[in-house]
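Hi,

Here is the structure I promised to pass on. Have a look at it first, then read my notes underneath.

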Amino acid sequence: MGSAFDAHTAFDEHLLGSSSIPPVMGYVMIVHDCPDSRIVGRGVRSAHFPIDPDFEGASYLDRFLLLCDRLRRKSLYQAVWLVFANPEDGVAYEPSALLSYDKFIANIVMALGVHRA
């Protein structure tokens, strides 16, 4: 999230040149799908900040799905692709149609089209 925020701030402060069009950014997350990442309810603790209630009782995979969906909905990135993969059996899948490879590429192409126009 920090790199997206930094890029948006640099654009707002005119540090990326004279373009009136913000930079195009994509976020790709590949998460290991294994028994440990599927455990629900594993304690989430923070000594410094309160825990988001949406993360309580969620598995590691669920938390990544929530994170990536929030990045997309808040427009921190123009495109987000989330993949859960298990290298032991060669299986990979996209847990959300909104966070798929096809949507990722379509959003990047669309955003780049604005720069080319």
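Below is what I found, starting with the sheet and ending with the cysteines.

First, some ground rules: this is a predicted model, where local features need pLDDT of at least 70 and side-chain atom pairs count only at pLDDT 80 or more, while totals for chains, interfaces and linings use all residues. Residues are numbered from 1 along each chain as its sequence is written, and side-chain values use heavy atoms, with hydrogens and water left out.

The sheet is open, with 3 strands in the order E1-E2-E3 and mixed pairing. Strands here are DSSP runs of E, at least two residues, and helices are runs of H or I, at least four, numbered from the N terminus; two strands pair if DSSP finds at least two bridges between them. At the edges sit E1 (26–32) and E3 (91–93), each pairing on one side only. E1 and E2 (residues 79–86) run parallel, joined by 7 bridges, and Gly26 stands opposite Ala79 in E2.

Helix H2 (residues 60–73) packs on the sheet and touches E1, E2 and E3 (contact means heavy atoms within 4.5 Å). Its direction makes about 175° with that of E1 (axes are lines fitted to C-alpha atoms, for helices over the stretch in contact, and angles run from 0 to 180 degrees between N-to-C directions).

Why is Cys34 in no bond with Cys68? A disulfide needs two cysteine sulfur atoms within 2.5 Å, and these sulfurs are 17 Å apart, too far for a bond. The disulfide count is 0.

Cheers
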